[in-house]
Amino acid sequence: MSAPAGGAGGGGGHRRDLWIVAAWWAGVTVLGEILVGPLLRLYPEAASREGVVSDDAIFYLLRLVVPVVALVVILLVYSMVRFRARAGEVGDAPAQARGGRWAFAWLGVSAALTVSVIFYPGVTGLLEIWKSKTAVNPLTVEVVAQQWEWRFSYPELGIENAETLVLPKGRTVDFVITSRDVIHSFWVPSLRIKKDAIPGETRHLFLTPDRLTSTEEDPMTRVQCAELCGIGHARMRADVRVVAPADFEAWAAEQGGTTASAAEGSLPSTPARAQAVTP
Ligand SMILES: [Cu+2]
């Protein structure tokens with residue numbers, strides 16, 4: 001009961017179909033991999049060590065997906081064209097058989113691919129990103145979200161409620177994130193990894209900016225709320241500057257003591273204040 005031929009056409013005809021599909025698959029895969037290269041270069045450049053890990057994972061998955069999509073689409077289109085009903089043909093389709101070697105091979109390969117990407121780049125990437133939690137001497141930046149603005153405090157430097165997020169290049173930052181009202185999400189697109197800001201909760205996000213950049217140069221380097229939080233959500237942004245360590249110290253000294261809005265009172269329970277405080 002192990003005759004290889006399944007359909008009505010006979011073994012020889014199917015072998016030819018397989019070769020045609022294989023040739024198309026190889027061609028489209030090569031073409032796809034060639035085209036995906038320039039596409040990936042259009043991807044906005046990351047500006048953090050962790051962001052590069054995240055980008056590498058996405059690029060790997062996009063490259064991996066090319067032969068998979070190619071195979072599925074080619075099989076589908078080829079079958080539709082090759083085995084279509086011709087004019088005047090009214091008979092039934094050939095009886096469909098279940099299982100067989102191809103089905104099990106298909107199942108085995110898809111399962112293996114799925115499991116493999118859980119480990120690489122999944123687990124390996126996460127471990128790489130989580131290394132930042134153990135960075136020595138991270139810079140603490142308290143991030144407070146509220147409808148519809150962000151405030152940044154640097155407790156080690158005595159800076160409170162800054163409206164611009166200034167970060168030194170090359171030093172891991174421990175963002176301590178919370179919200180005063182509803183759920184927001186702290187996101188700097190070029191740093192890549194985001195974290196929800198949740199009232200009553202304090203969450204940590206460790207990121208290491210590794211490129212000098214600013215909102216002016218690169219709009220992807222801005223704080224953008226990434227959780228729909230009301231009518232002002234889209235405008236809930238803040239400028240970001242990643243500067244050299246010496247410039248950061250100069251900025252901190254400039255800010256020192258004279259906080260942007262010292263008159264606003266203490267952090268946690270100030271009621272929502274007017275939109276623009278001071279430019
Ligand atoms: Cu929002």
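## Close-up views of a predicted model

**View 1. Strand 5 and strand 8 lie side by side and run antiparallel.** Five bridges join these two strands. Look for Val173 here: across from it, in strand 8, stands Leu207. Keep in mind that this is a predicted model.

**View 2. Strand 5 and strand 8 belong to an open sheet of five strands.** Reading across the sheet, the order is 3-2-1-5-8, and the pairing is mixed. Which strands stand at the edges? They are strand 3 and strand 8; each has a single partner strand, so one side of each has no neighbour in the sheet. From one strand to the next, the twist averages 20°.

**View 3. The largest nonpolar core brings together 31 residues.** Val143, Ala145, Leu165, Phe175, Phe186 and Val223 have the most contacts inside this core. Several strands each supply at least two of the core residues, including strand 2 (149-154), strand 5 (173-179) and strand 11 (237-243). Which strand gives the largest share? That is strand 1, with four residues. In soluble globular proteins, nonpolar side chains tend to be buried together.

**View 4. Val143 is a good place to zoom in on the core.** Leaving aside residues up to four places away in sequence, Val143 touches Trp150, Phe152, Phe175, Val176, Ile177, Phe186 and Ala197. Two of these, Phe175 and Phe186, are also listed with Val143 among the residues with the most contacts inside the core.

**View 5. The whole protein chain has four helices and eleven strands.** Of its 279 residues, 21% are buried. Among contacts between residues at least 6 apart in sequence, 72% join residues at least 24 apart.

Terms used:
Residues are numbered from 1 along each chain as its sequence is written. This is a predicted model: local features need pLDDT of at least 70, side-chain atom pairs count only at pLDDT 80 or more; totals for chains, interfaces and linings use all residues. A nonpolar core is a set of buried Ala, Val, Leu, Ile, Met, Phe, Trp, Tyr and Cys residues joined through C-beta atoms within 7 Å. A residue is buried if 20 or more other C-beta atoms lie within 10 Å of its own, exposed if 12 or fewer, and partly exposed in between; C-beta atoms are placed from the backbone. Two residues are in contact if their C-beta atoms, placed from the backbone, lie within 7 Å. Two strands pair if DSSP finds at least two bridges between them. Axes are lines fitted to C-alpha atoms, for helices over the stretch in contact, and angles run from 0 to 180 degrees between N-to-C directions.
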